[in-house]
Amino acid sequence: EPKRKAAFGSVGRRIPYRILHVINQDGESLGNMHRAEALKLMDQHDLKLVLLRENAEPPVYRLMTGQQIHEEQLKRAKKKAGPKAGMYIKELSFSSAIAKNDLETKTKQIAQWIEKKYHVKVTIRQAK
């Protein structure tokens with residue numbers, strides 16, 4: 001079975017590339033260096049090496065603390081989590097000069113959608 005691509009996180013000491021572009025934990029570039037030198041830096045500062053861009057030449061790695069890795073994983077998970085399968089978003093738009101009976105009708109419609117567990121987005125346009 002094919003190897004699955006590892007999720008964002010610490011890569012530890014398994015670095016398949018000889019030359020790496022390293023960025024420190026503050027985001028400053030430390031330039032290109034041999035993997036042994038990068039591992040030495042990692043040990044000295046008690047940080048972890050994380051692969052950022054594999055397809056760059058040379059591949060870009062960043063020195064990060066465990067906390068920074070965790071925060072980045074949370075950010076990426078939040079970005080991926082779009083509308084879930086089976087979740088519907090209903091959108092309703094009306095003017096600020098809407099008549100009372102029309103507003104009541106739309107309110108009933110919104111209530112029905114909410115009962116059906118739809119997410120409802122309401123937009124109110126300014127009357128001209």
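Of the 128 residues of the protein, 21% count as buried. The model is a predicted one, and its mean pLDDT is 82, with 86% of the residues at 70 or more. Among the elements, helix α3 has the highest mean pLDDT, 93, and helix α2 the lowest, 81. In residues 1–6 the pLDDT falls below 50, and apart from near neighbours in sequence this stretch has 1 contact in the model.

The protein contains 3 helices and 6 strands. Read from the N terminus, the elements follow the order β-β-α-β-β-α-β-α-β. Of the contacts with a separation of 6 or more, 54% are between residues 24 or more positions apart.

The sheet is a good place to start. It is an open sheet of 4 strands, ordered β2-β1-β4-β3, with mixed pairing. Its edges are β2, residues 29–34, and β3, residues 48–53, each of which pairs on one side only. On average, neighbouring strands in this sheet are turned by 35 degrees against each other, direction ignored. Strand β1 (residues 19–23) and strand β4 (residues 60–64) run parallel and are joined by 3 bridges. One residue to look for here is I23, whose bridge partner in β4 is R62.

Two helices can be placed against these strands. Helix α1, residues 35–44, lies across β1, β2, β3 and β4, and runs at about 125 degrees to β2. Helix α2, residues 66–80, packs on the sheet and touches β3 and β4; its direction makes about 120 degrees with that of β4.

Within helix α1, R35 is worth a closer look. Its relative accessible area is 26%, so R35 is partly exposed, since the partly exposed class lies between the 20% limit for buried and the 50% limit for exposed. Leaving aside neighbours within four places in sequence, R35 is in contact with I15, P16, Y17, R18 and L20. One of these contacts is P16, which is 19 residues from R35 along the chain. The C-alpha atoms of R35 and P16 are separated by 8.9 Å.

Helix α2 brings in a charged pair. A search of the whole structure finds 1 salt bridge. E72 forms a salt bridge with K75, and the closest N and O atoms are 3.8 Å apart. That distance meets the criterion because a salt bridge requires the side-chain nitrogen to be within 4 Å of the carboxyl oxygen. How does the position of the two residues in the helix fit with this pairing? E72 and K75 are 3 residues apart in helix α2, so about one helical turn separates them. An α-helix has 3.6 residues a turn, so residues three or four places apart point the same way. The two partners can also be described by their accessibility. E72 has 22% relative accessibility and therefore counts as partly exposed, whereas K75, with a relative accessible area of 56%, is exposed.

Helix α3 remains, and its length can be checked. The helix covers residues 100–115, and at 1.5 Å a residue its 16 residues should span 22 Å. The end C-alpha atoms are 23 Å apart, which agrees with the expected span. Just after α3, K117 takes a positive phi of about 70 degrees.

Notes. Residues are numbered from 1 along each chain as its sequence is written. This is a predicted model: local features need pLDDT of at least 70, side-chain atom pairs count only at pLDDT 80 or more; totals for chains, interfaces and linings use all residues. Side-chain values use heavy atoms; hydrogens and water are left out. Two strands pair if DSSP finds at least two bridges between them. Axes are lines fitted to C-alpha atoms, for helices over the stretch in contact, and angles run from 0 to 180 degrees between N-to-C directions. Contact means heavy atoms within 4.5 Å. The expected span of a helix is 1.5 Å times one less than its number of residues. pLDDT is the predictor's confidence in each residue, from 0 to 100. Buried means under 20% relative accessible area, exposed over 50%, partly exposed in between (1.4 Å probe, protein chains only).
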